[in-house]
Amino acid sequence: MSTGAGDELRKALVFYYGDARVTPAERGVDVTVPGASGLDERALGEIVRHFLRGHRDVPVKVAAEHAPTTAVDASPPSRDDRVELAGGVYLHGPEWGAAMRHTREAVRRGIADRFDAPSLTGAAQIPRDVLVRAGYYQKFPHLVNTVGRIRPDYWDGVTVAQLRPGQDETLASFYTPSEMVLNPVTCYHVYANAPLLLERYGSDGLFAIEGPVFRHESHNHGPTRLAEFTMFELVRLGGTAAVEREYERLLTVFTEFFASLDLPHRIVSASDAFFGDDPSIARDAQLLSGGKFEVRVPLGDGELSVASVNFHGEVFADAFALRERGVEATCCAGVGLDRLAYALLSYGLIPDGPASPGPA
C-alpha cells in the first residue's frame, strides 16, 4: 500500500471510529482502531479490503510549488481566540475577526478583482432537492446537516414549557426534517438558480459568490476541520471550450495569488473522498483527468488544503437541465477563508495591529 492510500484509509477510519493507526508492515499493513469501535479483526479486515479494492496509485501532478523568501516554521497561531461551542463550531473573538477581514480583503484584491463577475452572497440553507440533483447525497451523505422544523401536526405549549435539561429524546420528538438542509457547497446556489442569474446578469456565465457552508465530519472536527466556515468561489457556466479556458485561467490566477502571499504551498492534483459502490473508480478518474487541483500548505501535523480549482465537465449542466440555456459544462475555484486565515496566522503573515471595526 502506498503512503497516500494509507493516509486515505486512516482518515476514513478516523471519521467513523475517532482514532486509527495505519502503519506499513513486512507483509501488507497494520491497522488498529479503538476497542470501543466494536470491530473484531475479521470485520476490520473486511473494511480495509473494501476500501482498497480496485485502488491503484495514480501519479500526482504538481502544478506549482512555492517556498517562502524567508525561512519560517509554522506553528499553531497564538492569535486564534476562537471559543469552541461544539465540534468544529466556534465563537470568533476580535483577533480572529481581524484575521478573517485581512484574509477576505487579500482574496478580493488578489482574485476577485481580476474577474468581472457579479458578486453574490450565498444563503446558509438550500433545498434538499438541490443536493439530490447534484449527486451530493450519493457521494457525501455523511457530510449533510439537515434542518429540523416543529412537526406540522404537533404543538403542545404546556409540554414544551415543562421540558427540563437532558430530555433530548422528548425534545427531538417534536421535530422532523424539513425540505431544507444547511448548504455544504457555495456554488450549488449558482447551478440551482442559473437560468435566473444568466437572464438577470449575463456576465458571460461567470459569478463570484461568498457564503457560509456546513459539513458534518464527526470525529474529524477540529480547529481547521470545521463544521461551519466561509467559502469564496468563482463559478463559470458555458460552452465546453469556454469553460475549459476559464478553468486554466483560474488555475493560473490561483497560482499567482498564492505565490504573492509568500505562503509555502503546493498546488497538486487531487480527488474527493467519494463514497459509493466503487469509490476508487471515481477517485482515479478525477486524478487522471486533472479535473481537480488543491492548494496545500504544510503545517506541523501535515498539509492543510486551503483552496481548490475544479472542472466538472457536463455533470451539473445535465443535473440542472442547463443545456437549453447553452450551458454544456461548468467549473469553479474556491477558497476556504477560515483555513487560509489559519495558515497565514501560522506563518506570521498577517500583520499585528488593532482589530478594525465591523463584522468578521
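Which residues of the largest nonpolar core touch the most other members? Hold that one for a moment while I set the scene. What you have in front of you is a predicted model, so please keep that in mind throughout.

First, the overall picture. The protein chain has 360 residues, and 44% of them are buried. It is built from 13 helices and 15 strands. If you take the contacts with a separation of 6 or more, 73% of them are between residues 24 or more positions apart. The accessible surface comes to about 18,700 Å², and carbon and sulfur atoms account for 52% of that.

Okay, back to the opening question. The largest nonpolar core has 44 residues, and the ones touching the most other members are Ile111, Phe258, Val306 and Leu340. Who supplies this core? At least two residues each come from H3, E10 (206-214), E11, H10, E13 (292-299), E14 (302-313), E15 and H13. The top contributor is H10, which gives eight residues.

Take Val306 as a way in. Setting aside residues up to four places away in sequence, Val306 touches Phe258, Val295, Val297, Gly334, Val335, Gly336, Arg339, Leu340 and Ala343. There is also a second, separate core, with 28 residues, and Leu120, Tyr136, Phe316 and Val327 are among them.

Next up, helix H3, residues 94-110. Does its length add up, or is it off? Here's the check. H3 has 17 residues, and at 1.5 Å a residue it should span 24 Å; the C-alpha atoms at its ends are 24 Å apart, so the two agree. A good part of H3 is tucked away: its buried residues include Trp96, Met100, Arg101, Thr103 and Val107. And what sits over them? The cover includes strand E11 (228-238), helix H10 (240-260), strand E15 (329-336) and helix H13 (337-346).

Just ahead of that helix, have a look at Arg82. You'll find Arg82 in the loop between strand E3 (62-66) and strand E4 (83-86). Is Arg82 buried or exposed? Its relative accessibility is 9%, and the cut-off for buried is under 20%, so Arg82 counts as buried. As for what its side chain does there, one polar contact goes to the side chain of Asp80, at 2.8 Å. The Arg82 side chain also reaches the backbone oxygen of Pro223, at 3.0 Å. Beyond four places in sequence, Arg82 touches Tyr90, Leu91, His92, Gly93, Trp96, Pro223, Leu226 and Tyr342. Trp96 is on that list, and Trp96 is one of the buried residues of H3.

Now some strand pairing. E12 (265-269) is mostly covered, with four of its five residues buried. E3 and E12 run antiparallel and are joined by four bridges, and Val62 has Val268 as its bridge partner in E12. E12 also pairs with E13 in the antiparallel sense, again over four bridges. There, Val268 stands opposite Glu294. If you want one residue to click on here, make it Val268, with Val62 as a bridge partner and Glu294 opposite it in E13.

A similar arrangement turns up around E9, residues 175-182. E7 (125-127) pairs with E9 in the antiparallel sense over three bridges. E8 (145-150) is joined to E9 by five bridges, also antiparallel. Val181 in E9 has Ile126 opposite it, and Thr146 stands opposite Val181 as well.

A quick stop at Tyr201, in helix H9 (residues 194-201). With a relative accessible area of 39%, Tyr201 is partly exposed. Tyr201 and Pro118 are 83 residues apart in sequence, but their C-alpha atoms are 7.2 Å apart in space. Leaving out neighbours within four places, Tyr201 is in contact with Pro118, Leu120 and Phe207. Leu120, you may remember, belongs to the second core.

Last, two backbone oddities. Asp262 has a positive phi, near 60 degrees, and it isn't a glycine. Asp262 lies in the loop between H10 and E12, and counts as buried at 19% relative accessibility. Ala321, also not a glycine, has a positive phi near 55 degrees. Ala321 is in the loop between helix H12 (315-319) and E15, and is partly exposed, with a relative accessible area of 46%.

That's my tour; over to you.

How values were computed. Residues are numbered from 1 along each chain as its sequence is written. This is a predicted model: local features need pLDDT of at least 70, side-chain atom pairs count only at pLDDT 80 or more; totals for chains, interfaces and linings use all residues. Side-chain values use heavy atoms; hydrogens and water are left out. Two strands pair if DSSP finds at least two bridges between them. Buried means under 20% relative accessible area, exposed over 50%, partly exposed in between (1.4 Å probe, protein chains only). Contact means heavy atoms within 4.5 Å. Accessible areas come from the Shrake-Rupley method with a 1.4 Å probe; for residues, only the protein chains shown count as cover. A polar contact is a pair of N or O atoms within 3.5 Å; within protein, one must be able to donate a hydrogen and the other to accept it, and residues adjacent in sequence count only if both atoms are side-chain atoms. The expected span of a helix is 1.5 Å times one less than its number of residues. A nonpolar core is a set of buried Ala, Val, Leu, Ile, Met, Phe, Trp, Tyr and Cys residues joined through side-chain atoms within 4.5 Å.
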